[in-house]
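Please open the structure in a viewer and keep the selection tool at hand. The tour below proceeds by selections, each followed by an account of what is found there.

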Amino acid sequence: MTDIEKNVNEEEFEEIPVFTLTDEESGESQDFELLASATIDGTLYYALVPADEEESEEYVILSVEEDGDDLVLSSIDDDDVFEKVEEYFNDLFFNEVDYDA
């Protein structure tokens, strides 16, 4: 069973957090805004969208770990874990609400 502690969206922040991510292969940096976060099975995950795109349906999912006072954002190597986290965020962002139910 999946343990999901909470979901945080931008409404809970006075300012939307922005993270600068650097591509390890190309060395190029890009700013990303936090869309939401969730703790699933004891691990914190962020869903991020490029800061320079207005309304994108594509987003990046990264795991979050604390290293002292710093946050370390990492890609998810385990395909099963990635699919579980992706399904959670896709449900959060893209499922339509059935108001007639």
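The stops that follow begin with the whole chain and continue with individual residues.

**The whole chain**

The coordinates are those of a predicted model. Display the chain as a cartoon and trace it from the N terminus: the order of elements is β-β-β-β-β-β-α, that is, six strands and one helix. Of the 101 residues in the chain, 24% are buried. A surface representation covers an accessible area of about 7800 Å², and carbon and sulfur atoms contribute 39% of that area. Among contacts with a separation of 6 or more, 43% join residues 24 or more positions apart.

**The salt bridge**

How many salt bridges does the structure hold? There is one. Select K84 and D41 to display the pair; the closest N and O atoms are 2.7 Å apart. K84 belongs to helix 1, whereas D41 sits in the loop between strand 3 (29-40) and strand 4 (43-50), so the bridge ties together parts that are 43 residues apart in sequence.

Is K84 buried, partly exposed or exposed? K84 counts as partly exposed, because its relative accessibility is 33% and that class lies between the 20% and 50% limits. D41 falls into the partly exposed class as well, with a relative accessibility of 39%.

Remain on D41 and inspect the backbone. D41 has a positive phi of about 50 degrees, although D41 is not a glycine.

**T43, in strand 4**

Next, select T43, which is placed in strand 4. T43 is partly exposed, with a relative accessible area of 27%. Which residues does T43 touch, leaving out those up to four places away in sequence? They are A38 and S63. A distance label between the C-alpha atoms of T43 and S63 should read 7.1 Å, for two residues that are 20 apart along the chain.

**S63, in strand 5**

Follow that contact to S63, found in strand 5 (residues 60-67). Is S63 buried or exposed? At 9% relative accessibility, S63 counts as buried, because the limit for that class is under 20%. Show the surroundings of S63: beyond four places in sequence, S63 touches T43, L44 and Y45, and also V72, L73, S74, S75 and I76.

**S75, after strand 6**

From that list, select S75, which lies in the loop between strand 6 and helix 1. S75 is partly exposed at 49% relative accessibility. With neighbours within four places in sequence set aside, S75 is in contact with L62 and S63. For a further distance label, choose S75 and V60: their C-alpha atoms are 8.9 Å apart, with the two positions 15 residues apart in sequence numbering.

**The negative patch**

Finally, select D77, D78, D79, D80, E83, E86, E87 and D91 together and colour the surface by charge. What do these residues form? They gather in a patch of negative charge on the surface. One member, D78, is placed in the loop between strand 6 (70-74) and helix 1 (79-94). D78 is partly exposed, with a relative accessible area of 41%.

To close the tour, return to the full cartoon with the K84 and D41 side chains shown, where the one salt bridge of the structure can be viewed together with the negative patch that includes D78.

Terms used. Residues are numbered from 1 along each chain as its sequence is written. This is a predicted model: local features need pLDDT of at least 70, side-chain atom pairs count only at pLDDT 80 or more; totals for chains, interfaces and linings use all residues. Side-chain values use heavy atoms; hydrogens and water are left out. Patches are made of residues with over 30% relative accessible area and no salt bridge: like charges are joined within 9 Å, nonpolar side chains (Val, Leu, Ile, Met, Phe, Trp, Tyr) within 5 Å. Accessible areas come from the Shrake-Rupley method with a 1.4 Å probe; for residues, only the protein chains shown count as cover. A salt bridge is a side-chain nitrogen of Lys or Arg within 4 Å of a carboxyl oxygen of Asp or Glu. Lys and Arg count as positive and Asp and Glu as negative; His and the chain ends are not counted. The place of a charge is taken as NZ of Lys, CZ of Arg, CG of Asp or CD of Glu. Helices (H or I, at least four residues) and strands (E, at least two) are DSSP runs, numbered from the N terminus. Buried means under 20% relative accessible area, exposed over 50%, partly exposed in between (1.4 Å probe, protein chains only). Contact means heavy atoms within 4.5 Å.
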